[in-house]
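Visitor: Got a minute to walk me through this one? I'd like to start with the aromatic rings.

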Amino acid sequence: MARSGLAGAVRVARWADATLGPGRAGATSDGKATLSDATAERAARELGLTVAQVRADWDTARLAGLVEVHGDSARPGWRLRAWDRDDSAVLRGWVALFDAWSLAHPEPAGHEPAAVAEVVSAMPQVLSFLQLSAGPVPLAQLLDLLEQRVTELRTERCEVPYGPRPEPETPAAAEDAPLAPLLDWALHALASVGALTCGDGQATLTPLGSWAVWVKLEQICVAAQSPAGNIEQSAEDMLRGCAQLRPNAARAEYRAWLAARPVGSAVAELLAAARGDDALLRGLAFEALRVVGAPAEPDVRAVLDEPTLRPYALLWLAEHDGADPEDAHEVLTREEATWLWVDTAAAVADHGEASMLVRHLESAVQPTVPALLDEVRAVGHPRTVQVLVALAAAHPDPALAKAVRRAAFQVHTGRS
């Protein structure tokens, strides 16, 4: 259903990508894939559509994240790139359109903006009622529910003033406005994106609409069950709170934290935490990004040029593309694997026990400790000295500890 409902938007987005991309023969004069009047007319001719259909499909493509508009230029979104191979990209695209129903079908003129905003805020409860009803619901019943919810929203906004009470004001125009026309608009807007059907004085969620509302309710439940209570924390504080949790408990915490915020800002916040000085948070941030999945791919790919994050990003992308986690390290060069070994050792040195640091030696790709020390010195990790000093202090073999201390001294003094 999602693929069918977005087929027109995909067709226009792919036409724009193929025809208007910078550097192509069909590019516009400024090299930007903008939908000007001339472009819309050209698309209509080549796709056998009307200009109105092209513009409607283009707007749908934007709302569904199939195209991303930056100022006066546009580019394909990750959902368009993943459309044929990733069902989750299709469903996320449709949910984005579902979330934007009030933009997909603008409200009729002549209504107070405040009243429109109240109806938009109240519709999740109406949709939840439709989902729980699992069948047609009379419009009169939905109108009654909408009026109750709007009244609740108005009551929640009221504040008891301190000091002398002013004379009662006349009711605002928004509170006098009848809600029936706005309910009719909201239901038809939701129908236009494929979430429900209206007819014979009743409304019914489509299977796709019912699934989307169920997903929203599930997200609310997940967020409410944050096991460690970190849901309102920043990414960095949340990751610190997860550091002592077992893997399954940590993943549950990541899911709760992610469910409570937009995916784009959550990914950006996790990557910002990964750029910090704490190597433990770096690893945990990418574990949280594994829970995000496909929507994080463009942002993860964008940090490949950052030496601090590159090894983590390469492993994340390899696993995302289907590599076995045990074999994913094969995508790293020897230098990248060594850098990651030092970074992980820094996390262990800061937060783990001495025995863990000694065991970490076994995970090095180098066959011998002298070879490891040579490559560790060469890789230039900023925590190299501290890691080697901690390892020397922890290792029970005096000869090996002496060699590691010598290597730390050489790095510290800049000697070879």
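**Rings, a helix and a hairpin**

Guide: Sure. W94 and F98 are separated by about one helical turn, because they sit four residues apart in helix 6. Helices (H or I, at least four residues) and strands (E, at least two) are DSSP runs, numbered from the N terminus.

Visitor: Before we go on, what sort of model is this?

Guide: It's a predicted model: local features need pLDDT of at least 70, side-chain atom pairs count only at pLDDT 80 or more, and totals for chains, interfaces and linings use all residues. Residues are numbered from 1 along each chain as its sequence is written, and side-chain values use heavy atoms, with hydrogens and water left out.

Visitor: OK, back to W94 and F98. Are they buried or exposed?

Guide: Both W94 and F98 are buried. Buried means under 20% relative accessible area, exposed over 50%, and partly exposed in between (1.4 Å probe, protein chains only).

Visitor: And which other aromatic pair is there, a tilted one?

Guide: W101 and W185 make a tilted pair, 5.3 Å centre to centre with 45° between the planes. Rings of Phe, Tyr and Trp (its six-membered ring) pair if their centres lie within 6.5 Å; planes under 30 degrees apart count as stacked, over 60 as edge-to-face and the rest as tilted.

Visitor: Where in the chain do those two sit?

Guide: W101 is in helix 7 and W185 in helix 11, 84 residues apart, so the pair links distant parts of the chain. W101 is buried at a relative accessible area of 7%, and W185 is buried too, at 4%.

Visitor: What else is buried in helix 11?

Guide: Besides W185, the buried residues include L182, L183 and A186. Their cover includes helix 6, helix 8, helix 9, strand 4 and strand 5.

Visitor: Switching topic: how do strand 4 and strand 5 run?

Guide: Antiparallel, with four bridges joining residues 196-199 to residues 202-205; two strands pair if DSSP finds at least two bridges between them. They form a hairpin with two residues between them, and D200 in the turn has a positive phi of about 55°.

Visitor: Where is confidence lowest and highest?

Guide: Helix 10 (residues 173-176) is lowest, at a mean of 58, and strand 5 is highest, at 95. That's pLDDT, the predictor's confidence in each residue, from 0 to 100.

Visitor: What about residues 159-163?

Guide: pLDDT stays under 50 there, and the model has one contact (heavy atoms within 4.5 Å) beyond four places in sequence. Where pLDDT is low, the predicted coordinates should not be read in detail.
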